[in-house]
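Visitor: Can you walk me through this one? I'd like short answers.

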Amino acid sequence: MNTHIVRSYDEELKYLRNRLAAMGGHAERMVDQSVLALVNADAGLARKVIEDDVFLDETQREVDDKAILLIARRQPMADDLREVVGAIRISADLERVGDLGKNIAKRVVAVTEGRQPLSLFRGLQALAELALTQLKDVLDVYASRSVDRLAFMRDRDDQIDAMYTSLFRELLTYMMEDPRNITPCTHLLFCAKNIERIGDHATNIAETVYYVVKGEQMPIERPKEDKSHGVVLSKE
Amino acid sequence: MSESREEHARRLLGAVAGRLALNRWLLAVAMTLLVAVGWFGSVDPVLVVAASLLLILVAALSPRSPAQRERAVRSAAADGASLEGLSARSLAAAVVDPLVVFDAAGTAVLVNDAARVAFGAVAPGLSILMKFRAPEMQAAIEHIRSGASQAETVDYAERVPIERVYRVTLSAIGQGSGLFVMAFRDQSEARRIDRMRADFIANASHEMRTPLASISGFVETLRGPARNDPAAREQFLQIMQNQTQRMARLIDDLLSLSRLEMKPYLPPGASVDVRLIVQNVIDSLSPLAAESGVVIERTFGDEPIVARGDRDELFQVFENLLENACKYGQSGGRVVVSIERTEVPEPEVAVTIRDFGPGIAEEHIPRVTERFYRVDVDNSRAQKGTGLGLSIVKHILTRHNARLTIKSKVGEGASFTVHLPAR
């Protein structure tokens, strides 16, 4: 890491990065635990996830303040400036990830009121695993700065979208089969949507990291959409 | 026997010579005195020679003095001090558990091979706070590097891509060296046993219920209405046998999957000839292919194609894929197996198994590797599928750092490609 004449400048930059890492760890944990709470019908764990969100909110504000202060006092240039602006953007994305995790946790009670069959959650678990892998890989790249690994991430984002569309269809089928499924399945649809958006935020972070490290925007080449907006079930 | 006596004698001689050498100055002075006394005191020379012989004998057989022994111990300790010259790097490399040494700023200074294998992108210079982001780890690292505590123990879990659990011990190295060490002990096995039990019960009880219900239904019918109907009895017994066979297959697959999950996470290091494995799979499945009326075409040469992997596990991967292709792509009449090597973006070996059956609808493609996910339940049952084949494939490939891509269009068949890193 390059050094500046003013030592505390380095330390401030480093502090920002470490705060982001702490936020990342919390966001990963929240997403993981919220899905776990959903699958195991664990209302206690869900409550804990909801409480944990405070940390992300506070830290995001702190990162924002620190970043603005740093820009004002040090007037960073080139990669330092990108680093600071990147920190603001990444912290916003992570804070949103936390919100989405919290939202899943909030639905736990509603979904698990009746005893739901395990098969209902299997797809959601697989989707969450993909999104979590995405988030972990992106944050690992942010730590190691090896942006050439980011290419694989777009593949996975496509997988997440495809999986989400498939899950959407499956849940619709369950609702058609039995109207009693409508309540839990609607909540699960929102949970799936949340997880899919967590994947999108991870992709956003990937783009920011690429920009911070390389100094140029990540090349655009992806058809970025899931196809769930076109899904209809026709009665056969 | 004589040899050992010779050896003994030689050792004794060596010891005698050593003693003599140790006492050489005393001996020399004593001898000089004896000679002087003999010369000036006109003593019998025979007596002088006898006295000096006695002197030498005593010197040779006298035990070591405590002072000498102490000196010997000290010099041995000086030899052992070469331990201090041992580099931390080679010491860390010799440790099988992942080990990371970091400084007060939280930057990794030394990362051993085990840590690199376990955590991927960890290299000296990396900020460990950014790599190990779990809240407990963050707190422990902060405590250690601020000096608030000398040693911390936390549990660290990685959920993806494969669940691993570590007990991590963080401690300062020496006094005021400014360096800290983080040692990971893999605890995944205990956790996996727990999960396996829970999973097995959940999955097995759910999946076993259907065949069980059917068997008990037929038993009831056989005892009741169909008691005296030999034709129906034969038919029902056949169905019951099919159901029990299905349960047996299910248990086999569940056990196979659980066994895989029990294995410690170690990327396979051995090189294998992929072409040979694929050829073996084709050979072993040719009876099944003939039975289903499918021709297996191979479009690869005879030269070995090497990738990293575990022979038995890869065999199972290709076996499951080819078996699926023969069963579900039966209507296409042929299955094409091809192997390709690509260098960009990373060197890899791609094995593609393509069938020309009905294909898989788009919405099912991302889901087919989930446990018990079936595209078409009736067809799967008819083909004696358990719903676990592809999830076994996926699990093995994750362990190999490999990927599975599925391409398919309804009506045009499906192709499953395994991308193995070749490095």
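Guide: We can take the contact between the chains, then one helix.
Guide: This is a predicted model: local features need pLDDT of at least 70, side-chain atom pairs count only at pLDDT 80 or more, and totals for chains, interfaces and linings use all residues. Residues are numbered from 1 along each chain as its sequence is written, chains are lettered from A in the order written, and side-chain values use heavy atoms, without hydrogens and water.

Visitor: How many residues of chain A and chain B are in contact?
Guide: 33 of chain A and 30 of chain B. Contact means heavy atoms within 4.5 Å.

Visitor: What area is buried there?
Guide: About 2,800 Å² between chain A and chain B, with carbon and sulfur atoms giving 54%. That is accessible area (1.4 Å probe) lost on putting the two together, summed over both.

Visitor: How many salt bridges between the chains?
Guide: Six. The cut-off is a Lys or Arg side-chain nitrogen within 4 Å of an Asp or Glu carboxyl oxygen. One joins B:Glu136 and A:Arg29 at 2.6 Å, N to O.

Visitor: Which elements of chain A give two or more residues to that side?
Guide: Helices H1 (7–40), H4 (119–144) and H5 (151–177). Helices are DSSP runs (H or I, at least four residues), numbered from the N terminus. H4(A) gives the largest share, 12 residues.

Visitor: New topic. What span should H10 of chain B have?
Guide: 48 Å, because its 33 residues (230–262) count 1.5 Å each, taking one less than the number of residues. The end C-alpha atoms are 48 Å apart, which agrees.

Visitor: What covers its buried residues?
Guide: H9, H12, H13 and H14 of chain B are among the cover. Buried residues of H10(B) include B:Phe236 and B:Arg246; buried means under 20% relative accessible area (1.4 Å probe, protein chains only).

Methods:
Buried < 20%, exposed > 50% of the residue type's maximum accessible area, 1.4 Å probe, protein only.
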